[in-house]
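Work through the exercises below with the sequence and the model in view. Each solution goes step by step.

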Amino acid sequence: MSTFNIALLPGDGVGPEVTRAAAEVLQAVADRFHHRFVFDTQLIGGAAIDATGDPLTQETLVACRQSHAVFLGAVGGPKWDGGSRRPEQGLLELRKALGVFANIRPVLIYDALLDCSPLRREVVADVDLVVFRELTGGSYFGEKRRGADFASDQCIYTTPEIERVARAAFIAARARRGKVTSVDKANVLETSRLWREVVTDLHAKEFADVRLEHALVDSMSMQLIRQPRAYDVILTENMFGDILSDEASVLGGSIGLAPSASLGAEGPGLFEPVHGSAPDLAGRDRCNPIGAILSSALLLRYGLRLADEADAVEAAVERVINSGARTADLGGDIGCQAMAERIADEVLRSVSHSHHVQM
Ligand code: NAD
Ligand code: IPM
Ligand code: MN
């Protein structure tokens, strides 16, 4: 029996509900596959501000560093808007401290949910893409200045920062359909011109077998919903990746389905759903836990290197979706907790099915 330490950071809004759901499914994996997962639940975001004044405490950071993988629900909410310390700052500090520069956001379409997308089914059928979003640089982390009548957010990228996330994207493309679309705003931004140069050079030197195309972010945001099947790996900087990945989640039918993995060169990865704290749904057992549960599958695959276990969770989610179970965002009436229970039960009943999506 192997033991893994998993830090759980529920955070705010629906964060605790989806974290409970993910932990329940992870516990089912432990039971089914004979592992021991030791969960260490810690404060982050608004919950941490309320308890300590600080959105990321030293205690939380130490617990994360000592873990094999970190799961985060969501942070933020109207309660903390306008305060001097914001919940979101805790998440940004955590990403930086863990060095998780590559944020991987897969978009996959379940056939049974084709009609949940506002786009026509022939547009979204068979879409299979993944966004590689740079996560620890750009305007999120540059110097911020504020005067009485001005404000600025500096955007800096260095060559090594671009190269390491681009390398991760090219490697992923090799194991998929062999295509990378690098997204920038090189017609306007100097950081984007450097981005394009570095990606082009790396491609020529190490990844000539992968197809590379460049796209400007404005046109990309249009093409992404016009012809999403054209894309395999989408590589982009922090802010553009934030925006494009929310847009891409519409293809699958709900942002509540979208998972993410954030990985660095070493140390624990950070796994969180793409959605936020959904204040409109919080505390009502109304949110969709599947994005969180699929994030726990990514935690198993990339954080703990447990591929069969990750496959089992993904297969269980698919079977529950195929059975017709739907949370409110997908037009159904199943609660968050009941959905998690169904998926956990499926994991426990599973034999080794395999449905492995390559990142
Ligand atoms: P949001 O993602 O929380 O919600 C956007 C919409 O999607 C809402 O209508 C919400 O009800 C719906 N939605 C979100 N998650 C859902 C789920 N699991 N199931 C069903 N529907 C779901 O975005 P927002 O409203 O712009 O932001 C709310 C707060 O969350 C803000 O404070 C923001 O900073 C924060 N946020 C945090 C994270 C994170 O912690 N990783 C990510 C995004 C936003
Ligand atoms: C996300 C969120 C965060 C981001 C916020 C909450 C800081 O929107 O994870 O997509 O912008 O990265
Ligand atoms: Mn976002």
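A residue counts as near a molecule or strand if its C-beta atom, placed from the backbone, lies within 6 Å of it. The model is predicted, so local features need pLDDT of at least 70 and side-chain atom pairs count only at pLDDT 80 or more, whereas totals for chains, interfaces and linings use all residues. Residues are numbered from 1 along each chain as its sequence is written, and chains are lettered from A and ligands numbered from 1 in the order in which they are written.

**Exercise 1. Describe the shells around the two ligands.**

Step 1. List the shell of ligand 2: G76, E88, L91, L92, D242, V274 and G276 surround this ligand.

Step 2. Assign the shell to helices, which are DSSP runs of H or I with at least four residues, numbered from the N terminus (strands are E runs of at least two). Helix α4 (residues 87-98) gives the largest share of the shell around ligand 2, three residues.

Step 3. Sort by class: Ala, Val, Leu, Ile, Met, Phe, Trp, Tyr, Cys and Pro are nonpolar, Asp, Glu, Lys and Arg are charged, and the others, Gly among them, are polar. The shell of ligand 2 then holds three nonpolar, two polar and two charged residues.

Step 4. Repeat for ligand 1. Its shell has 22 residues, the closest being G76, G256, H275, G276 and N288. By class, nine are nonpolar, nine polar and four charged.

**Exercise 2. Characterise the packing of α10 and α11.**

Step 1. Fit axes to C-alpha atoms, for helices over the stretch in contact, and take angles from 0 to 180 degrees between N-to-C directions. Helix α10 (residues 290-303) and helix α11 (residues 307-322) pack at about 160 degrees, and their axes are 7 Å apart.

Step 2. Classify the angle: under 35 degrees is roughly parallel, over 145 roughly antiparallel, 65 to 115 roughly perpendicular, and the rest oblique. The angle therefore makes α10 roughly antiparallel to α11.

Step 3. Find the hand, which is left if the near helix is turned anticlockwise from the far one by less than a right angle, and right if clockwise. α10 and α11 cross in a left-handed manner.

Step 4. List the contact, for which C-beta atoms, placed from the backbone, must lie within 7 Å. I290, I293, L294, S296, A297, L300 and R301 of α10 meet A307, E309, A310, V313, E314 and V317 of α11. These residues comprise nine nonpolar, one polar and three charged.

**Exercise 3. Treat α11 with α1 and with α12.**

Step 1. The axes of helix α1 (residues 15-33) and α11 come within 11 Å and cross at roughly 125 degrees, so the two helices are oblique to each other. Their crossing is right-handed.

Step 2. On α1 the contact uses V25, V29, R32 and F33, and on α11 it uses E309, A312 and V313. Five of these residues are nonpolar, none polar and two charged.

Step 3. α11 packs against helix α12 (residues 336-349) at about 125 degrees, with axes 8 Å apart, which means that α11 is oblique to α12. This crossing of α11 and α12 is right-handed.

Step 4. A312, V313, A316, V317, R319 and V320 of α11 meet R342, I343, E346 and V347 of α12. The count is seven nonpolar, no polar and three charged.

Terms used:
Contact = placed C-beta atoms within 7 Å.
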